[in-house]
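User: Please justify the labels applied to this model, setting each value against its cut-off.

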Amino acid sequence: MSSVLLSAFLLALREIRRNLMRSFLTVLGIVIGVAAVVTMVTLGNGATRAVSDQISSLGSNLLMVRPGQRLGPGRDSAGAPAFKRADAEALRTQLTGMDEVVPVAGSSVTVVAGNNNWSTTVSGTTNGYLKAGNWKIASGRAFQDDEERAGKSVCVIGATVRRELFGTRNPLGDEIRVKTFACQVVGLLAAKGQGAMGMDQDDTVLMPLATVQRRLTGTQDVSTLMVSLHDGVDAKPVMAQIRALLRERRKLADNEADNFNVMDTKQIAETLSGTIRTMTGLLGAVAAVSLLVGGIGIMNIMLVSVTERTREIGIRLAIGALEHEVLLQFLIEAVVLSACGGLIGILLALLACVALSALLSMPFLFNTGINLLAFLFSALIGVVFGYMPAHRAAQLDPIQALRHE
């Protein structure tokens, strides 16, 4: 049996080499289909990992509490009262399971250093912001306790602000001008890169909360409360406790809706990842349609091949070849064609994924499962669509086949 399979395989390769251009055009649909499916799924997996990594870079086990009922673009925080620093203290002292509770007051301003200026976001906060947000100090230091209490004009800047204002030189000890006052740079944040919503996380300036409230915003308002939980703590009961305490502090009646929102960054990561996986599946399914088109092309060409080689088939049957041997020969030829198309498609997909991953700044994740599945599916296409032509060849009448010109 093995010798029969080997002989059929060699005959299939010979026939494919005899008409290389036609063979390539025959499997082009398979090549495109496999390449599209593998590319879509691989890039989708890379995008999912990128989103998860970017969400994780915001902070581990992190809750974000902000005024308004919605978060993100268009959130309705305008009519909702802001938080106060006392709200952060209440959360820290009255609830359990929290590692850090960090008040943040932000303001978009233009900062100036020498002849350079840059529009950025200045965040007034505490040193707890660094721990809650997984920030590292690349050089310099964080705020000192007396600087936080007194609201001194000191700042820690992100890598983007450093590049735009100071180029490659060390900014430590230099001053930047923020509106009407000068602020000394005491620290430089380690680079994080792009955030989950496409924002540049390194485009930031950190100052003591009291400094921003007194010199920039002119109020005691706090726009965000960052709540970092201890490892292993379930976020849901803590979120319920936060809601209950803030409703009490904001004097909301039982029939009134929350005028604030508690967001779990882990839930956002899961939601975005699920959405990307769904879109990847849909795109992969659409791309797989071209595999069926490629299968129809293989069946068409194999039917033409049977017609062209009718006399050859008749001679084989006349000298003793069995019907199943003829069927096997044409079936193997169809499978070899489609499998070769699958391999070419996988190689093209891998090259495209490497290039696109670098271009889109997302990780390249080689998925053995989808590559193996795409190859096996391409071979199955050859079996399914090659069976009819192979069966037709095996059923030819030897006498009629020998008369065929």
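The exchange below takes up these labels in turn.

User: What kind of model is this, and how are its residues numbered?
Analyst: This is a predicted model, in which local features need pLDDT of at least 70 and side-chain atom pairs count only at pLDDT 80 or more, while totals for chains, interfaces and linings use all residues. Residues are numbered from 1 along each chain as its sequence is written, and side-chain values use heavy atoms, with hydrogens and water left out.

User: How many helices and strands does the chain have?
Analyst: The chain has 13 helices and 10 strands. Both are DSSP runs numbered from the N terminus: helices are H or I over at least four residues, strands are E over at least two.

User: Why is serine 378 called buried?
Analyst: Buried means under 20% relative accessible area, exposed over 50%, and partly exposed in between (1.4 Å probe, protein chains only). Serine 378 has 0% relative accessibility and therefore counts as buried. This residue lies in helix α12. Across the chain, 46% of the 405 residues count as buried.

User: Which residues does serine 378 touch, not counting residues up to four places away in sequence?
Analyst: Serine 378 touches Ile30, Val34, Ser338, Ala339 and Gly342. A contact here means heavy atoms within 4.5 Å.

User: What makes the approach of the serine 378 side chain to the backbone oxygen of phenylalanine 375 a polar contact?
Analyst: A polar contact is a pair of N or O atoms within 3.5 Å; within protein, one must be able to donate a hydrogen and the other to accept it, and residues adjacent in sequence count only if both atoms are side-chain atoms. The serine 378 side chain reaches that oxygen at 2.5 Å, so the distance satisfies the cut-off.

User: Why is leucine 380 called partly exposed?
Analyst: Leucine 380 has 44% relative accessibility, so it counts as partly exposed. Leucine 380 is also placed in helix α12, which spans residues 368–394. Its C-alpha atom is separated by 8.6 Å from that of alanine 339, 41 residues apart along the chain.

User: Is proline 67 buried or exposed?
Analyst: The relative accessible area of proline 67 is 7%, so the residue is buried. Proline 67 lies in strand β1 (residues 62–67). Between proline 67 and valine 222 there are 9.4 Å in space, C-alpha to C-alpha, and 155 residues in sequence.

User: What sets the phi of asparagine 134 and lysine 251 apart from the general pattern?
Analyst: Most residues other than glycine have a negative phi. Asparagine 134, not a glycine, has a positive phi of about 55°, and lysine 251 has a positive phi near 55°. Asparagine 134 is in the loop between α4 (128–132) and β4 (137–140); its relative accessible area is 33%, so it is partly exposed. Lysine 251 lies in the loop between α8 (235–249) and β10 (260–264); at 71% relative accessibility, it is therefore exposed.

User: Which residues line the largest cavity, and how are they classed?
Analyst: The lining consists of Thr126, Asn127, Tyr129, Leu130, Ala142, Phe143, Val156 and Leu206. By class there are 6 nonpolar, 2 polar and no charged residues. Ala, Val, Leu, Ile, Met, Phe, Trp, Tyr, Cys and Pro count as nonpolar, Asp, Glu, Lys and Arg as charged, and the others, Gly among them, as polar. A cavity is a set of points on a 1 Å grid over the protein atoms alone where a 1.4 Å probe fits but cannot get out, and lining residues have an atom within 4 Å of a point.

How values were computed
1 Å grid on protein atoms, 1.4 Å probe; cavity = no way out; pocket = protein on both sides within 12 Å on 5 of 7 lines; lining within 4 Å.
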